[in-house]
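Here is a set of questions and answers on one protein model. Keep the sequence and the 3D view open as you read.

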Amino acid sequence: MDSTPTPISVSAEELAGDDRFHRFGLIPWWDQKKLANARVLVVGAGALGNEIIKNLALLGVGNVLIADLDVIENSNLSRSVLYRTEDNGQPKALVAARAARSIYPAMRTHSFHGNIVYDLGLGVYRWADIVLGGLDNREARLSINRNCFKLNKSWVDGAIEQIQGTARFFSPGGPCYECTMSQTDWKLLQSRRSCNLLSRSEMQAGKTPTTPTISSIIAGVQTQEAIKHLHGLTTLAGKGWVYDGISGDSYTVDFQRKEDCYSHDLLENITSLDSRSDNLTARQLLDIARKELGPSAELELPREVLRGLTCPKCRQTQELFLSLGHADTSLSRCPVCAQSTRDVLTFHRIRGDEAFLDRTLAEIGIPAFDIITASVENRRIGYELSGDASAVLGPLDHGGDLQWI
């Protein structure tokens, strides 16, 4: 992750008078201070992400966290305005964060290079005022959607192919991304994981043909919707804007909320702990939860964690405690039998009788700045590992709303 020191803050001169944002101020409802204080999470730093980040910098948005798994390749250079030839091989998120500051030096940016589904703690979603997605796969979209709705956050999704695209705004209380998914979507989502949940690297390597023109159009609408949201204006919430680059036609579609959708699971009660994932044990967190909820409280993780692998032939078990984001099908082969495919052992609940209770949360595969839910009967509390905030957010504005206990 990028650890560049905090840049200078926005000056009063820049926020008033004849400054770089003066033309924006001519818009009657525009509030540059709101943008300077805004906190935006951008997931995906490819073609769409580049345009989104560039727009946020030009608009003077103050705090942007950029998350992406990939490194820059030569083929990215024809569709990504922030990257240069000498950037090949470097993490996209890191380079994009640096390039955004070159556009607007007062912008605070930070980067996360990793798997956003399994390794990005939920605390970043709680931190953000709005989330923008520039992604090319359903697994990541579904993860963002569930995290946003769990933490009562809106997000704007973008999708492009060739010279067509769509921008969709999902807001808690209305229809979400999962509500729009068809049976075909679910089948394609399942194909990204083998039957034993390990990642298929060949599926992750899929590429979508796009152009920089459609990226700029869709990302422009996404950013515009985010700016409207930050100003409290009416947005496309619950709708999608579709553009056909062949015909030049555009139209909006209305989405319908599914009452049985799993994504509509709001976590209303969240407590910030002045603890880090690498210094708080599972037992200590369970003790905290049971003091508040009673002796039968259990912990629920936001995602499955790979506990180990067992060979059905030789019965050898390898203990791993590994994020599924770091696990692919190369692990499935048994090193003893050589030809056997091992069974995956995962967990997402901690009940209090586990042998690993005295390991730190990081040691059992839980990422930094995560939110873990404690529950008993109909009562739930989310515990945010807020001690990790500085490490994950870097120089970004952390806000003054954390309540340490």
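Q: Which residue stands opposite Gly240 in β7?
A: The model is predicted. In it, β6 and β7 pair in the antiparallel sense. The residue opposite Gly240 of β7 is Arg168.

Q: How many bridges pair β6 and β7?
A: The two strands pair in the antiparallel sense. One facing pair is Arg168 and Gly240. The number of bridges between β6 and β7 is five.

Q: Which residue of β8 is the bridge partner of Lys239?
A: β7 and β8 are antiparallel, with five bridges between them. Lys239 lies in strand β7, residues 239–244. Its bridge partner in β8 is Asp254.

Q: How far apart are the closest N and O atoms of Lys239 and Asp254?
A: These two residues are bridge partners in the strands. They also form a salt bridge. The pair links distant parts of the chain, 15 residues apart. The closest N and O atoms are separated by 4.0 Å.

Q: Is Asp254 buried or exposed?
A: Its salt-bridge partner Lys239 has a relative accessible area of 34%, which makes Lys239 partly exposed. Exposed means over 50%. Asp254 has a relative accessible area of 56%, so Asp254 is exposed.

Q: Which residue in the hairpin of β7 and β8 takes a positive phi?
A: The two strands pair over five bridges. Five residues lie between them in the hairpin. The residue with a positive phi, near 85°, is Gly248.

Q: What is the order of the eight strands in the open sheet?
A: The sheet has mixed pairing. β3 (108–113) and β8 (250–254) each have a single partner strand, so they stand at the edges with one side left without a neighbour. Neighbouring strands are turned by 15° against each other on average, direction ignored. The order is β3-β2-β1-β4-β5-β6-β7-β8.

Q: What is the bridge partner of Ile160 in β6?
A: Strand β5 covers residues 155–161, and β6 covers residues 164–170. They run antiparallel and are joined by seven bridges. In β6, the partner of Ile160 is Gly165.

Q: Which strands does helix α5 touch as it packs on the sheet?
A: Helix α5 spans residues 92–103. Its direction makes about 170° with that of β3. The strands touched are β2 (63–68) and β3.

Q: What covers the buried residues of α5?
A: The buried residues of α5 include Lys92, Val95 and Arg101, along with several alanines, among them Ala96 and Ala100. The cover includes strands as well as a helix. Among the covering elements are β2, β3 and α4 (47–59).

Q: What distance does α5 reach from its first C-alpha to its last?
A: The helix has twelve residues. At 1.5 Å a residue, 16 Å is expected. The span in the model is close to that, at 17 Å.

Q: Which strands does helix α7 lie across?
A: Helix α7 covers residues 138–150. It runs at about 165° to β5. The strands are β1 (39–43), β4 (130–134), β5 and β6.

Q: Are α7 and α9 roughly parallel or roughly perpendicular?
A: Helix α9 covers residues 183–190, and its axis is 9 Å from that of α7. The packing angle is about 110°. Angles of 65 to 115 degrees count as roughly perpendicular. The two helices are therefore roughly perpendicular.

Q: Which residues of α9 make the contact with α7?
A: From α7, the contact uses Arg138, Glu139, Leu142 and Arg146. From α9, the residues are Asp185, Trp186, Leu188 and Leu189.

Q: Which residue forms a salt bridge with Glu319?
A: Glu319 lies in strand β11 (residues 317–323). Its partner is in the loop between β12 and β13, so the pair ties together parts that are 40 residues apart in sequence. Glu319 is partly exposed at 48% relative accessibility, and the partner is also partly exposed, at 31%. The closest N and O atoms are 2.8 Å apart, and the partner is Arg359.

Q: How many salt bridges does a search of the whole structure find?
A: One of them joins Arg351 and Glu298 at 3.9 Å, N to O. Salt bridges that share partners join Glu298, Glu300, Arg349 and Arg351 into one network. Across the whole structure, the search finds 18.

How values were computed: Residues numbered from 1 in each chain as written. Predicted model: local features only at pLDDT ≥ 70, side-chain atom pairs only at ≥ 80, totals over all residues. Heavy atoms only, no water. Pairing = 2+ DSSP bridges. Helix = DSSP H or I, 4+ residues; strand = E, 2+ residues; numbered from the N terminus. Axes fitted to C-alpha atoms, helices over the stretch in contact; angles between N-to-C directions. Contact = heavy atoms within 4.5 Å. Expected span 1.5 Å × (residues − 1). Buried < 20%, exposed > 50% of the residue type's maximum accessible area, 1.4 Å probe, protein only. Salt bridge = Lys/Arg side-chain N within 4 Å of Asp/Glu carboxyl O. Parallel < 35°, antiparallel > 145°, perpendicular 65-115°, else oblique.
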